[in-house]
Amino acid sequence: MSFRSGRHFLHIPGPSNVPDRILRAIDRPTIDHRGPEFAELVLGVLPGLRELIGTSGPVFLFAASGSGAQEAALVNTLSAGDTILVIHNGFFATVWQDTARKLGLNVEILDLPWETGVDSNRVAERLSQDAEGEIKAVLVVHNETSSGVTNNVHDVRLVLDQLRHPALLLVDTVSSLGSIPVEHEKWGVDVTVSSSQKGMMLPPGLAIQAVSSRALAAADSATLPRAYWDWKSHLDSNETGFFPSTPATNLIYGLGEAITMFREEGLEQVYRRHEHLAEATRAAVRGWGLEVFCQSSQHYSPVLTAVTLPEGFDSDVIRDLILDRFDLSLGTGLGKLKGRVFRIGHLGSLNALMLAGALCGIEMGLQLAGVPIHTEGVQAALKVLRSRFELVEE
Ligand code: PLP
């Protein structure tokens with residue numbers, strides 16, 4: 001690869017751009033993970049993480065990616081042959097259901113359109129047929145990173161409550177935590193799974209979980225084999241600031257810094273900033289005369305926008321061209337969206353000018369690739385980006 005000056009523009013929907021402050025926080029000598037300094041670090045970080053996830057209960061950190069957190073949620077709460085219902089409206093639901101199948105669970109899929117958020121009536125329809133309570137857990141992805149659709153998790157809980165259905169509610173917040181409000185307790189979630197490399201602004205390597213008392217009770221009778229992922233061994237050690245095995249010490253330094261940054265900016269502002277950058281991105285897409293893949297405005301993702309290309313254009317060819325010419329990475333189309341969409345990540349440590357730069361690169365790349373666009377996307381996005389400052393001045 002030829003020499004590239006300046007910074008790479010990382011606009012995949014995670015891993016996201018790691019801010020310098022977090023890099024500096026991680027860049028320290030690794031300390032004894034069984035010593036007092038480490039315990040102090042952990043005991044300082046966990047309350048902030050609980051606050052972010054909206055729980056007063058236990059949160060667990062494993063050295064793993066988001067897939068590890070997905071697996072841990074299953075092996076701690078379920079037994080071989082248990083039936084689970086996967087609410088499926090995107091590729092990352094497929095990833096989770098594949099893991100469940102490999103573990104010996106009986107996976108039932110509620111197949112829903114990818115272009116919109118989960119229709120809770122469809123969930124109610126299926127669960128109301130399960131009078132015997134055969135379904136032991138319902139799985140849903142909060143923010144579908146494949147499609148740019150954000151699902152309403154609380155609606156799923158309301159369905160379970162209305163039907164008095166006893167299934168556990170397991171929720172993937174891998175690409176929402178730190179970018180979109182997550183309310184583990186208010187939404188009545190039993191296991192929230194997440195990871196470090198997206199809204200949390202950290203490098204990959206930390207799997208995050210929050211668990212309800214019902215999930216902990218389920219762990220007492222669940223018989224799927226588990227060793228590394230066993231919550232119980234974490235519960236006791238975490239109390240005193242320790243872990244049963246070697247944790248990702250330096251990432252925990254980074255996590256502490258990320259929590260400090262969230263507090264300095266204010267969580268409400270963090271979420272508003274994501275909404276605003278997403279709105280500007282959608283304005284750009286429409287200005288180009290292209291289509292936002294998500295078709296329902298109430299489910300637009302604040303984290304990423306998937307853009308549908310006209311027939312005859314391969315999104316991976318265009319992504320390669322944009323990477324080559326402008327040193328800008330965009331997300332590929334996943335699963336059935338392969339080649340059809342590209343995904344613009346607008347999450348984590350990001351501001352108006354960083355997004356504007358990325359949108360300029362995309363506009364130029366689309367033109368170079370011969371996609372028939374209007375060159376009004378960047379202008380439309382700038383108008384939205386500027387509007388925030390007009391409001392501040394008033
Ligand atoms: N769930 C969602 C919503 C994701 O976006 C991802 C990854 O992008 C995963 C699960 C899998 O996580 P990982 O790749 O960190 O294992």
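This report walks through the ligand site and the enclosed cavities of a predicted model.

**Around the ligand**

Let's start with the ligand, which has 13 residues around it; Ser65, Ser67, Thr145, Asp172 and Gln197 come closest. By class, that shell holds 8 polar, 3 nonpolar and 2 charged residues. Helix α3, spanning residues 66-77, is the top contributor to the shell, with 3 residues.

Three side chains have polar atoms close to ligand atoms, as listed here:

| Side chain | Ligand atom | Distance |
|---|---|---|
| Thr145 | oxygen | 2.5 Å |
| Asp172 | nitrogen | 2.6 Å |
| Gln197 | oxygen | 2.8 Å |

On its own the ligand would expose 390 Å², and the protein buries 86% of that.

**Empty space inside**

Now for the cavities: there are 2 of 30 Å³ or more. The largest has a volume of about 60 Å³. Its lining takes in 13 residues, with Leu61, Phe62, Ala63, Phe243 and Pro247 closest to the centre. Strand β2 (residues 59-63) gives the most to this lining, 3 residues. The lining of the largest cavity splits into 10 nonpolar and 3 polar residues, with no charged ones.

The second largest cavity holds about 40 Å³ of space. Among the residues lining this second cavity are Ser147, Gly148, Arg282, Cys294 and Tyr300. Strand β12 (residues 304-308) supplies the largest share of that lining, again 3 residues. Sorted by class, the lining of the second largest cavity comes out at 5 nonpolar, 4 polar and 1 charged.

Key
Residues numbered from 1 in each chain as written. Predicted model: local features only at pLDDT ≥ 70, side-chain atom pairs only at ≥ 80, totals over all residues. Heavy atoms only, no water. Near = heavy atom within 4 Å. Polar contact = N/O pair within 3.5 Å; in protein donor to acceptor, adjacent residues only side chain to side chain. Areas by Shrake-Rupley, 256 points an atom, 1.4 Å probe, with all protein chains shown as cover. Helix = DSSP H or I, 4+ residues; strand = E, 2+ residues; numbered from the N terminus. Nonpolar A, V, L, I, M, F, W, Y, C, P; charged D, E, K, R; others polar. 1 Å grid on protein atoms, 1.4 Å probe; cavity = no way out; pocket = protein on both sides within 12 Å on 5 of 7 lines; lining within 4 Å. Points joined across faces, edges and corners; volume = space filled by probe spheres on them.
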